Amino acid sequence: MTHAQPAPAPDPAPTVAAVVVLAAGQGTRMRSATPKVLHTLGGRSLVGHVLAAAEPLAAGTTVVVVGSGRDQVEEHLAQIAPSALPVVQEEQLGSGHAAAVALAAVPDLEGSVLVVNGDSPLLTSRTLAALVAAHDAAGSVFTVLTAEVDDPTGLGRIVRDGSGAPRAIVEERDATVEQRAIREVNAGVYVANAGTLRRVLSGLATDNAQGEQYLTDALAPLVAGGAPTAAVRADDPDDVLGCNDRVELAARRRTLNDRVLDALMRSGVTVVDPLTTWVDVTATVGRDAVLEPGTHLRGVTVVGDGAHVGPDTTLADTHVGDLATVLRTHAVGARIGPDASVGPFAYLRPGTDLGMGAKVGTFVETKNAQVGEGSKIPHLSYVGDATIGRGTNIGAATVFVNYDGVAKHHTTIGDHARTGADNMFVAPVTVGDGAYTAAGSVITSDVPPGAMAVARAPQRNVAGWVRRRRSGTPAADAAAAAESRSEAPREDPSGPSRADHDS
Ligand code: UD1
Ligand code: CA
């Protein structure tokens with residue numbers, strides 16, 4: 001079983017005393033009612049990706065600066081990172097101001113602090129660990145992560161001196177034509193000594209194009225004062241890419257998905273069409289599994305070794321056992337046992353639990369349904385609130401009638417039962433082991449083990465009805481022809497049929 005996420009940082013992993021995530025900005029360019037950092041890709045929010053990347057740094061304190069849409073962001077943090085401390089930046093006066101607000105909330109903090117923009121979802125733990133290791137090795141008080149990119153538009157430029165040492169970070173709007181030609185950019189990720197950062201942030205000016213306190217302006221005064229600083233390039237420039245609008249969001253989502261699928265393929269998963277296969281970072285896929293085109297694996301989905309998923313299948317928080325087959329299916333919160341077979345066109349809802357070798361076939365919906373080993377629901381059925389034993393076959397077009405308009409009730413079917421086509425099981429009801437039910441039955445009372453239940457009106461044939469009531473129709477003609485072909489048309493000897501005249 002291989003996790004879709006990139007490999008963790010090498011041991012021994014470098015650590016920091018605190019992580020500060022800047023997530024108060026409005027994200028105007030998203031043009032959204034949802035705060036920017038809550039937009040999602042690959043199964044996590046933007047801020048969720050940043051927190052996950054920083055997690056292995058084992059910071060004792062994690063502060064998230066919130067502001068725009070803070071109620072929503074705080075609620076989200078309570079779910080995904082309950083130990084993180086949300087700190088409110090009342091007015092969005094710039095990234096430098098945001099970092100200062102964060103540090104003010106943890107006045108006793110000493111040691112290294114990682115400050116990171118909340119909108120960089122492609123950051124990896126490995127890159128962060130390398131940054132912290134380089135910061136430690138250089139004895140730096142302020143280290144900035146950088147990347148060499150093809151198109152630096154909109155990003156802060158890294159200005160280095162003749163010896164290659166970093167001197168300043170210049171925002172594009174404030175940059176000279178010469179500086180704009182620089183392709184090494186600021187990732188928005190910094191490691192700093194907490195005390196040093198506190199001091200330098202308190203002196204930040206706002207004499208820039210946006211009138212804000214830029215965190216990026218922390219570097220130049222430290223350099224001027226002779227403090228040891230560093231700028232460390234990320235190995236993979238994609239790591240540092242931010243996300244300011246929905247076009248960038250789509251691009252980051254594609255890059256993240258490519259990374260996930262590459263890791264899966266290198267670990268022995270066949271991905272038939274990477275362009276149409278989307279796998280969340282929280283999903284895992286086993287060796288020799290095959291993901292057909294149009295497969296989406298969401299949330300905590302696990303696909304076992306040798307399983308075959310798709311085409312056109314979405315699995316959310318679903319567990320697929322080894323060697324199972326899931327074809328053109330939508331499943332949420334389901335467990336599919338090893339060797340089981342699902343679809344085409346099945347809908348598995350939460351609480352579905354299919355045993356080993358079980359089968360859920362075409363146009364079948366299941367919900368809160370335990371289906372035993374080797375049992376089959378092959379066609380056109382609804383199975384809700386049910387327990388089905390092992391080796392049982394449910395006839396086509398069966399409905400488990402679980403809802404009486406007020407409450408839901410349970411149906412239990414035993415082992416090796418054979419229920420007829422077009423049955424209704426009106427819950428609560430139990431069908432015993434080895435019992436049979438007749439096709440078309442509406443089962444309202446329990447069926448003892450081994451019994452055959454017949455719960456339908458006996459058939460009555462009204463002879464000659466079509467000739468009498470539908471004369472002149474093709475049906476009447478066909479019936480007459482059939483009668484004339486039979487040796488003794490005793491049903492109605494009163495006169496010759498039209499077929500007799502014709503012959
Ligand atoms: C920032 C950097 C830029 C860098 C780029 C990388 C600054 C001044 N510029 O630019 O050098 O190349 O990131 O993606 O930092 N925030 C707050 N409070 C505020 C303002 C911002 O919390 O008052 C947060 C935002 O939510 C965001 C981060 O700080 O997560 C950066 O702000 P953003 O406006 O996205 O800066 P960029 O223009 O992308
Ligand atoms: Ca940004």
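## Calcium site

Asp 119 and Asn 244 are both buried. In this predicted model, these two residues coordinate the calcium ion (ligand 2). Asp 119 contributes OD and Asn 244 contributes OD1, at 2.3 to 2.6 Å. The pair brings together distant parts of the chain, 125 residues apart. Asp 119 sits in the loop between strand 7 (112-117) and helix 4 (125-138). Asn 244 lies in the loop between strand 12 (229-233) and helix 8 (246-266).

## Strand 11 and its partners

Strand 11 spans residues 184-193. Nine of its ten residues are buried, so the strand is largely enclosed by the rest of the structure.

Strand 7, which precedes the loop of Asp 119, pairs with strand 11 in the antiparallel sense over five bridges. Here Leu 114 stands opposite Val 191 of strand 11. Strand 8 (residues 142-148) also pairs with strand 11 in the antiparallel sense, over six bridges. Thr 146 has Asn 186 of strand 11 as its bridge partner.

## His 379

An unreviewed UniProt entry lists His 379 under "active site". The residue belongs to strand 29 (residues 376-388). Is His 379 buried or exposed? Its relative accessible area is 40%, so His 379 counts as partly exposed. That value falls between the cut-offs of under 20% for buried and over 50% for exposed.

Leaving aside residues up to four places away in sequence, His 379 touches Thr 362, Phe 363 and Val 364. It also touches Gly 395, Ala 396 and Ala 397.

Note on methods. Residues are numbered from 1 along each chain as its sequence is written. Chains are lettered from A and ligands numbered from 1 in the order in which they are written. This is a predicted model: local features need pLDDT of at least 70, side-chain atom pairs count only at pLDDT 80 or more; totals for chains, interfaces and linings use all residues. Side-chain values use heavy atoms; hydrogens and water are left out. Donors are N, O and S atoms within 2.8 Å of the metal (3.2 Å for Na, K and Ca); water is not among the atoms, so sites may look incomplete. Helices (H or I, at least four residues) and strands (E, at least two) are DSSP runs, numbered from the N terminus. Buried means under 20% relative accessible area, exposed over 50%, partly exposed in between (1.4 Å probe, protein chains only). Two strands pair if DSSP finds at least two bridges between them. UniProt positions are given in the numbering used here, feature names are shortened, and annotations may be inferred rather than shown by experiment. Contact means heavy atoms within 4.5 Å.
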